[in-house]
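Today I sat down with the model and went through where the protein meets the DNA. I took one strand at a time and jotted things down as I went.

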There are 2 protein chains.
Amino acid sequence: MTRTVLPTILIWALILAAGAFALRWMEFQYLARAFPWRVYIGLIGAAFAAGGVWVGWRLAARAAPAPFARNTAAQAALGVTGQEMKVLEHLAAGRSNKEIAQALGLSPNTIKTHIANLFAKLEVARRTQALAKARDLHLIP
Amino acid sequence: MTRTVLPTILIWALILAAGAFALRWMEFQYLARAFPWRVYIGLIGAAFAAGGVWVGWRLAARAAPAPFARNTAAQAALGVTGQEMKVLEHLAAGRSNKEIAQALGLSPNTIKTHIANLFAKLEVARRTQALAKARDLHLIP
DNA sequence: GTCGAAATCACCCTTTCGGGCGATGGCCCC
DNA sequence: GGGGCCATCGCCCGAAAGGGTGATTTCGAC
């Protein structure tokens, strides 16, 4: 967090400096007018900008739930097939072999085979272990 | 970060330039009018707010990779005790009851009891299900 | 002092998992 | 047309996990 504060301050300092410079320039341009209202405009602009930053920050904070991109490289490297990935996802959802079989319209034996192959490819012996490793490899969220 | 500073300055320079131009134009258009300033205050405010939103969004996007804070509220609400949380963490690491027992210097029977209590509190029936739910409640990363 | 919650352990029994083995059919590629 | 890979299913058996019940100890709160 601290590392972003300094750049932020710098940016704002630059913006304010630019604004001041612009004000002087405009002062020169509109010499006849001697009103300080430009200052107000600057202040209002700064206030709106600050509010905008706050809003943008909030928006980004809640609208960015970490998109998660599946590590297809690891999947390919381990030779995990498509069907096995499907089973892996059901596994991560906490389903039993029987439930996965019903969800995919397959025999529990087939699910067992897929899971056994997954275990071999992930080099694990338990489903919880498989989940930990798969999450580590970003195969699942 | 550095790569965003230059575009930021450029954009703000553009905004300021556009604002100056708008001022001149409005000066001409509404020369005789008594209160044209409300219009540009609105415009400037909108422009600065928009720029601020943009900056805030960018800033938030590259800040804080979310270090994960355990949801102690949920833990308390469910009545999950400290020992059970320890067991839950080992569970998430993919360890068996026996391994957890050895790691904590306890009997496997005790681990079984803790896990059974966890299941009851999380309202699940399998360890993989418990992990899914615990992750959902942010009890574990 | 007693009551309750937490923590510890034990036993029994059923279900689920996992390992090992084999088998079949489809598909692609050389 | 044979070899390799994937997907599908079956059976057997042992290990792990889960459900139920009961017991003891410790410790803080009332």
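**Entry 1: DNA strand D**

I started with the residues around DNA strand D: there are 18, and A:Thr81, A:Ser107, A:Thr110, A:His114 and B:Lys112 come nearest. Worth a reminder to myself that this is a predicted model.

Next I asked what part of DNA strand D the protein meets. Of the strand's atoms within 4 Å of the protein, 69% belong to sugar or phosphate, and the rest belong to bases.

Then I pulled up single contacts. A:Thr110, already on my list of nearest residues, has a polar side-chain atom 2.7 Å from a phosphate oxygen of DNA strand D. A:Thr113 goes to a base instead: a polar side-chain atom of A:Thr113 sits 3.1 Å from a base nitrogen of the strand. From chain B, I noted B:Asn97, where a polar backbone atom is 3.3 Å from a phosphate oxygen of DNA strand D.

Which elements give two or more residues to this surface? I found helix H6 (108-122) of chain A, plus helix H5 (97-104) and helix H6 (108-122) of chain B. H6(A) gives the most, with 5 residues.

I also sorted the residues near DNA strand D by type and got 9 polar, 6 charged and 3 nonpolar.

**Entry 2: DNA strand C**

On to the other strand on my list. DNA strand C has 17 residues around it, and the closest are B:Thr81, B:Gln83, B:Ser107, B:Thr110 and B:His114. Of the atoms of DNA strand C that come within 4 Å of the protein, 71% are accounted for by sugar and phosphate.

For contacts, I looked at B:Thr81 and found a polar side-chain atom 2.5 Å from a phosphate oxygen of DNA strand C. A:Asn97 uses its backbone: an N or O atom there lies 3.3 Å from a phosphate oxygen of the strand. A:Lys112 reaches a base, with a polar side-chain atom 2.8 Å from a base oxygen of DNA strand C.

Where do the residues on this surface come from? The elements giving two or more are helix H5 (97-104) and H6 of chain A, along with H6 of chain B. I put H6(B) down as the top contributor near DNA strand C, with 4 residues.

By type, the residues near DNA strand C come out as 9 polar, 5 charged and 3 nonpolar.

**Entry 3: to keep in mind**

For the next session, I wrote down which helix gives the most to each surface: H6(A) near DNA strand D, and H6(B) near DNA strand C.

Methods
Residues numbered from 1 in each chain as written. Chains lettered and ligands numbered in written order. Predicted model: local features only at pLDDT ≥ 70, side-chain atom pairs only at ≥ 80, totals over all residues. Heavy atoms only, no water. Near = heavy atom within 4 Å. Polar contact = N/O pair within 3.5 Å; in protein donor to acceptor, adjacent residues only side chain to side chain. Nonpolar A, V, L, I, M, F, W, Y, C, P; charged D, E, K, R; others polar.
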